[in-house]
Amino acid sequence: MIRVLLVHDVCLVRSVLAEWLRREPGLDVDDTPWRGAGARVRSLCPDVCAADLECADGQGTVPLGDLCPPHTGGRPPALVVLAHADRPGLLKRAAEAGALGFVDKAGSPDRLVRAIRSVAERERFVDASLGFGFLKAAEMPLTRRELSVLSLAAGGASIAEIAGSLHLSNGTVRNYMASITRKTGARNRVDAIRISRGEGWV
């Protein structure tokens, strides 16, 4: 039996998808919104976490690290993410977080089942339709930390709020914003957010 935790912030979508997955033989499925997902992972110790990358913690960042703490007696759960090819920043963040499965949200639900079964065996699964997104992610000039800063800024957070959320000093956040502005060829912070949204990075 494969223990699966489905993470999605839209209650109706999460409930329907979880019920659909429960009909599959060999899957023991639980579900949760992003808020509290880390605690559920620690209490349930699932084999696989399947998470929607479009859902966030309300600050513009997706806390993928919360889904991959080590089991008390072994390895962390394998991570499957649901994504769109036009959001390469999210794909890059998920790959750096160690995700093994990448499922196109525009595809068939059967692909999610195949991904869950593959990553449960620690085999990689990537929808071919996400290839363009990964190519764009490879071209992206921003580091993971810069993406985190920019995502929070795009969500309306102030310099102080970004600093508090990421445990950085205000000066360090300003340095990151200056680097982001330079790398994106933007005129200012607002322009950097506009350009990055247009590229699907945030």
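Here are a few exercises, with worked solutions, on how helices pack in this predicted model.

**Exercise 1. Get the overall picture: how many helices and strands does the chain have, and what is its radius of gyration?**

Start by counting elements: the chain holds 9 helices and 6 strands. Next, take the radius of gyration, which is 17 Å, close to the 17 Å from the globule rule for 202 residues, so the chain is as compact as a globular protein of that length. For the outer dimensions, the C-alpha trace spans about 55 × 35 × 30 Å along its principal axes.

**Exercise 2. Find the annotated domain and work out what share of residues 135-200 is helix and what share is strand.**

First, the record: an unreviewed UniProt entry puts "domain: HTH luxR-type" on residues 135-200. Then look at the chain over that stretch: 74% is helix and 0% is strand. The C-alpha atoms at the two ends of residues 135-200 sit 12 Å apart.

**Exercise 3. Describe how helix 3 meets helix 6: at what angle do they cross, and which residues make the contact?**

Two packed helices are described by the angle and the distance between their axes. Helix 3 (residues 88-96) and helix 6 (residues 144-154) cross at roughly 130°, and their axes come within 11 Å. Angles from 65 to 115 degrees would be roughly perpendicular and those over 145 roughly antiparallel, so helix 3 and helix 6 come out as oblique to each other. Their crossing is left-handed. On the helix 3 side, the contact uses Gly-89, Lys-92, Arg-93 and Glu-96; helix 6 brings Arg-144, Leu-147, Ser-148 and Ser-151. Sorted by class, that gives 4 charged, 3 polar and 1 nonpolar.

**Exercise 4. Do the same for helix 6 and helix 7: is the crossing left-handed or right-handed, and what classes of residue are in the contact?**

Helix 7 covers residues 159-166, and it packs on helix 6 at about 135°, with the axes 10 Å apart. That angle makes helix 6 oblique to helix 7. The crossing of this pair is right-handed. Helix 6 puts in Arg-145, Ser-148, Val-149, Leu-152 and Ala-153, while Ile-162, Ser-165 and Leu-166 come from helix 7. Sorting the contact of helix 6 with helix 7 gives 5 nonpolar, 2 polar and 1 charged.

**Exercise 5. Finish with helix 6 and helix 9: what is their crossing angle, and which residues meet?**

The axes of helix 6 and helix 9 (residues 189-198) come within 10 Å and cross at roughly 105°. Helix 6 and helix 9 are therefore roughly perpendicular. From helix 6, Leu-150, Ala-153 and Ala-154 meet Arg-189, Ile-193, Ser-196 and Arg-197 of helix 9. By class, the contact of helix 6 with helix 9 has 4 nonpolar, 1 polar and 2 charged residues.

Definitions and conventions: Residues numbered from 1 in each chain as written. Predicted model: local features only at pLDDT ≥ 70, side-chain atom pairs only at ≥ 80, totals over all residues. Heavy atoms only, no water. UniProt positions renumbered as here; feature names shortened; annotations may be inferred. Helix = DSSP H or I, 4+ residues; strand = E, 2+ residues; numbered from the N terminus. Axes fitted to C-alpha atoms, helices over the stretch in contact; angles between N-to-C directions. Parallel < 35°, antiparallel > 145°, perpendicular 65-115°, else oblique. Left-handed = near helix turned anticlockwise from the far one by under 90°. Contact = heavy atoms within 4.5 Å. Nonpolar A, V, L, I, M, F, W, Y, C, P; charged D, E, K, R; others polar. Rg over C-alpha atoms; globule rule 2.2 N^0.38 Å.
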